[in-house]
Amino acid sequence: MVLVQLVYVSRPSRPMSSSDLAAILGTARERNANDGVTGMLCYSGEFFLQILEGERARVCATFRKICLDQRHTDVCLLAYAYPERRLFSEWSMGYVGLGDIPRELVLRHSEDGTMRPILTDPKISMAFLADIAAHVSETQTAVL
Ligand code: FAD
């Protein structure tokens with residue numbers, strides 16, 4: 001199996017309610033569990049930041065579907081890598097809202113405390129997602 005990691009950022013087409021997010025996550029978790037895809041979705045109100053990892057063809061097929069989804073727009077690929085192992089193996093799709101993340105964690109990756117994945121080095125977004133995964137694991141604060 002060729003393991004890949006794909007990270008993108010996008011803009012919600014409209015403000016997302018908890019039921020919108022629950023619907024996205026319900027589908028994502030079901031499909032990803034079938035496809036062996038894992039990852040994390042972060043929603044800020046202004047952007048979605050998502051990492052997908054798994055077998056190359058499955059991740060690419062999932063990403064193609066995601067790009068067509070009209071619930072968001074301006075999908076921008078930030079990173080595509082061949083890691084040795086998964087970072088998010090525990091989640092068919094973990095979720096965290098930016099408001100649920102402690103400010104000190106955000107400040108580790110942004111001097112003014114505002115994440116702007118579209119403008120920053122993708123390595124920063126990757127490190128941010130890895131820190132979120134560790135935080136969610138430690139505190140069991142997965143939302144939804
Ligand atoms: P179907 O379920 O047959 O739906 C047909 C079309 O309608 C698709 O284009 C779909 O995008 C769109 N659609 C479905 N529900 C709605 C709705 N409530 N409002 C508007 N349009 C809708 N899917 C995954 O499998 N894995 C993921 O990790 C994943 N992450 C996502 C992250 C975000 C930010 C978003 C917005 C969506 C995500 N999805 C994910 C959902 C994905 O975009 C597809 O909707 C889903 O995979 C079903 O695809 P399908 O082609 O089988 O479409």
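This is a walk through one protein structure, stopping at a few residues, a helix, some aromatic rings and a ligand. Keep in mind as you look around that this is a predicted model.

Let's begin at Q5, which sits in strand β1, a stretch that covers residues 3-12. Is Q5 buried or exposed? Its relative accessible area is 5%, and because anything under 20% counts as buried, Q5 is a buried residue. Its neighbours come from several parts of the chain: leaving aside residues up to four places away in sequence, Q5 touches I51, L52, E53, A79, Y80, A81, P83, R85, L87 and M126. With one of these, E53, there is also a polar contact, side chain to side chain, at 3.2 Å.

Another residue on that list, M126, leads us to helix α4. This helix runs over residues 122-139 and has 18 residues. From its first C-alpha to its last it reaches 26 Å, close to the 26 Å expected at 1.5 Å a residue. At the N-terminal end of α4 you will find D121 acting as a cap, with a side-chain oxygen 2.8 Å from the backbone nitrogen of K123. Which residues of α4 are buried? They are S125, M126, F128, L129, D131, I132, A133, H135 and V136. To read such a list, it helps to know that an α-helix has 3.6 residues a turn, so residues three or four places apart point the same way. The cover over the buried residues of α4 includes the strands β1, β2 (38-43), β3 (48-55), β4 (72-81) and β5 (94-97), along with helix α3 (103-107).

Now for the aromatic rings. How many aromatic pairs does the structure hold? There are four of them, and we can visit two. In one, the rings of Y8 and F63 have their centres 5.5 Å apart and their planes at 40°, so this pair is described as tilted. Y8 belongs to strand β1 while F63 belongs to helix α2 (residues 56-68), so the pair ties together parts that are 55 residues apart in sequence. Both partners are buried: Y8 has a relative accessible area of 3%, and F63 has a relative accessibility of 13%. In another pair, formed by Y80 and Y82, the ring centres are 5.6 Å apart and the planes stand at 90°, so this pair is edge-to-face. Y80, at 33% relative accessibility, counts as partly exposed.

Next, look at strand β4, where D74 is found. What is unusual to see here needs one piece of background: most residues other than glycine have a negative phi. D74 has a positive phi of about 55°, although it is not a glycine. Its relative accessible area is 46%, so D74 is partly exposed. Not counting residues up to four places away in sequence, D74 touches V9, S10 and R11, and a polar contact of 2.7 Å joins its side chain to that of R11. P12 is 62 residues from D74 along the chain, but their C-alpha atoms are separated by 8.7 Å.

Our next stop is N32, in helix α1 (residues 18-35). N32 is buried, with a relative accessible area of 3%. Beyond residues up to four places away in sequence, N32 touches V37, T62, S92 and M93. Take S92: in sequence it is 60 residues from N32, while in space the two are 5.6 Å apart, C-alpha to C-alpha. The side chain of N32 reaches the backbone oxygen of S92 at 3.0 Å.

N32 also brings us to the ligand. How many residues surround the ligand? There are 16, and the closest are R31, N32, Q50, D69 and R71. Some of these have polar side-chain atoms that meet oxygen atoms of the ligand. For D69, an N or O atom in the side chain is 2.7 Å from a ligand oxygen. For Q50, that kind of distance is 3.1 Å, and a polar side-chain atom of R71 lies 3.3 Å from an oxygen atom of the ligand. Taken alone, the ligand exposes 900 Å², and the protein buries 66% of that.

Methods: Residues numbered from 1 in each chain as written. Predicted model: local features only at pLDDT ≥ 70, side-chain atom pairs only at ≥ 80, totals over all residues. Heavy atoms only, no water. Helix = DSSP H or I, 4+ residues; strand = E, 2+ residues; numbered from the N terminus. Buried < 20%, exposed > 50% of the residue type's maximum accessible area, 1.4 Å probe, protein only. Polar contact = N/O pair within 3.5 Å; in protein donor to acceptor, adjacent residues only side chain to side chain. Contact = heavy atoms within 4.5 Å. Expected span 1.5 Å × (residues − 1). Phe/Tyr/Trp six-rings, centres within 6.5 Å; stacked < 30°, edge-to-face > 60°. Near = heavy atom within 4 Å. Areas by Shrake-Rupley, 256 points an atom, 1.4 Å probe, with all protein chains shown as cover.
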